[in-house]
Amino acid sequence: CHKIPAKEFERYRLSVGEIADEYISLIRRLREVNPDLRVMFTVSPIRHWKDGADGNQLSKSTLLLAIEQIREAVELVYYFPAYEIVLDELRDYRFYAEDMLHLTSFTVDYIWERLLFSYISPDVLGVMNTIGRINKGITHRPFDATSDDYRNLVRKLLAAIREVTRIHPTVNFAKEIKQLEAYLTV
């Protein structure tokens with residue numbers, strides 16, 4: 001809470017075991033509700049200099065060791081190496097924003113792409129791209145919502161939505177359909 005002075009808080013680093021025990025317990029409880037649950041961990045590549053360079057490395061190392069313990073103890077737990085991608089593959093300050101702490105949008109996109117191609121099947125990627133195009137079309141604000149061009153775009157979006165929901169009935173576009181159909185009745 002940024003409204004309370006820092007001196008009111010006691011800061012300490014959890015041990016590897018404390019972190020691992022909490023997450024192992026949490027994952028097991030979650031699997032009581034969803035036995036097929038898969039969990040993915042990652043360590044942020046953004047540097048946290050508040051505790052200094054050594055504190056940043058100790059913190060990230062602690063997390064990495066805890067994740068390894070969790071993976072050894074529980075099935076279907078994965079690790080995505082975002083931290084390592086930035087440190088080992090990109091390892092250049094041009095991939096950081098001007099503050100030298102945060103990542104550029106290019107770097108974020110690169111990591112996102114690596115995640116997608118590592119863990120998402122090509123079929124699901126295709127559906128994601130289709131839904132992304134639909135969402136982009138829905139957020140498009142026309143100069144003239146009553147024009148024939150815009151009405152044709154709306155009809156194409158509705159057809160694309162019908163096709164996606166026919167193939168993937170669990171995808172819910174009810175709100176978007178209602179919004180688009182309202183443009184056709186204007």
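The exercises below, each with a worked solution, concern helices and single residues in a predicted model.

**Exercise 1. The faces of helix α7**

Determine which residues of helix α7 are buried, which residues on the other side are exposed, and which helices the buried residues pack against.

Solution. Begin with the extent of the helix, which covers residues 174-184, and pick out its buried residues, namely Glu-176, Leu-180 and Tyr-183. Next, look down the axis of α7: the buried residues fall within an arc of 45°, so they line one face of the helix. Then turn to the other side of α7, where Lys-175 and Lys-178 are exposed. Finally, follow the buried residues outwards to their partners, which are α5, covering residues 122-139, and α6, covering residues 148-167.

**Exercise 2. How α6 meets α7**

Describe the packing of α6 and α7 by angle, axis distance and handedness, and then list the residues that make the contact.

Solution. Two packed helices are described by the angle between their axes and by the distance between those axes. For α6 and α7 the angle is about 150°, and the axes lie 10 Å apart. Because angles over 145 degrees count as roughly antiparallel, α6 is roughly antiparallel to α7. The crossing of these two helices is left-handed. On the α6 side, the contact is made by Tyr-150, Arg-151, Val-154, Arg-155, Leu-157, Leu-158 and Ile-161, while α7 contributes Ile-177, Leu-180, Glu-181, Tyr-183 and Leu-184. Sorted by class, the contact has nine nonpolar residues, no polar ones and three charged ones. Leu-180 and Tyr-183, which belong to this contact, are also among the buried residues of α7.

**Exercise 3. How α5 meets α6**

Carry out the analysis for α5 and α6, giving the angle between their axes and the distance within which the axes come.

Solution. The axes of α5 and α6 cross at roughly 150° and come within 10 Å. That angle makes α5 roughly antiparallel to α6. The crossing of α5 and α6 is left-handed. The residues in contact are Thr-130, Ile-131, Arg-133, Ile-134, Gly-137 and Ile-138 of α5, together with Leu-157, Ala-160, Ile-161 and Val-164 of α6. By class, this contact has seven nonpolar, two polar and one charged residues. If the α6 lists are read side by side, Leu-157 and Ile-161 appear both in the contact with α5 and in the contact with α7.

**Exercise 4. Helix α3 and its surroundings**

Identify the buried residues of α3 and the elements they pack against, and then describe how α3 crosses α4.

Solution. The buried residues of α3 are Ala-82, Tyr-83, Ile-85, Val-86 and Leu-90, and these residues pack against α2, β2 and α4. Taking α4 as the partner, helix α3 (residues 82-90) and helix α4 (residues 105-119) pack at an angle of about 115°, with their axes 11 Å apart. The crossing of α3 and α4 is right-handed. At this contact, Ala-82, Ile-85, Val-86, Glu-89 and Leu-90 in α3 meet Thr-107, Tyr-110, Ile-111 and Arg-114 in α4. Counted by class, the contact has six nonpolar residues, one polar residue and two charged residues.

**Exercise 5. Single residues and their distances**

For Ala-20, Gly-52 and Asp-148, state the helix in which each is found, and add a C-alpha distance for each.

Solution. Ala-20 is found in helix α1, which covers residues 16-33, and this residue is buried, with a relative accessible area of 0%. Ala-20 and Glu-68 are 48 residues apart in sequence, and their C-alpha atoms are 8.5 Å apart in space. Leaving aside residues up to four places away in sequence, Ala-20 touches Ala-66, Gln-69 and Ile-70.

Gly-52 is found in helix α2, which covers residues 52-73, and is partly exposed at a relative accessible area of 22%. The C-alpha atoms of Gly-52 and Val-74 are separated by 33 Å, with their positions 22 residues apart along the chain.

Asp-148, found in helix α6, is exposed, with a relative accessible area of 60%. Its C-alpha atom is separated from that of Leu-184 by 10.0 Å, although Asp-148 and Leu-184 are 36 residues apart along the chain.

**Exercise 6. A residue in a loop**

Locate Leu-76 and comment on its phi value.

Solution. Leu-76 is found in the loop between α2 and β2, a strand covering residues 77-79. Phi of Leu-76 is near 60°, which is a positive value in a residue other than glycine. To complete the description, Leu-76 is partly exposed, with a relative accessible area of 33%.

Technical notes. Residues are numbered from 1 along each chain as its sequence is written. This is a predicted model: local features need pLDDT of at least 70, side-chain atom pairs count only at pLDDT 80 or more; totals for chains, interfaces and linings use all residues. Side-chain values use heavy atoms; hydrogens and water are left out. Buried means under 20% relative accessible area, exposed over 50%, partly exposed in between (1.4 Å probe, protein chains only). Helices (H or I, at least four residues) and strands (E, at least two) are DSSP runs, numbered from the N terminus. The arc is that of the directions from the helix axis to the C-beta atoms. Contact means heavy atoms within 4.5 Å. Axes are lines fitted to C-alpha atoms, for helices over the stretch in contact, and angles run from 0 to 180 degrees between N-to-C directions. Angles under 35 degrees count as roughly parallel, over 145 as roughly antiparallel, 65 to 115 as roughly perpendicular and the rest as oblique. A crossing is left-handed if the near helix is turned anticlockwise from the far one by less than a right angle, and right-handed if clockwise. Ala, Val, Leu, Ile, Met, Phe, Trp, Tyr, Cys and Pro count as nonpolar, Asp, Glu, Lys and Arg as charged, and the others, Gly among them, as polar.
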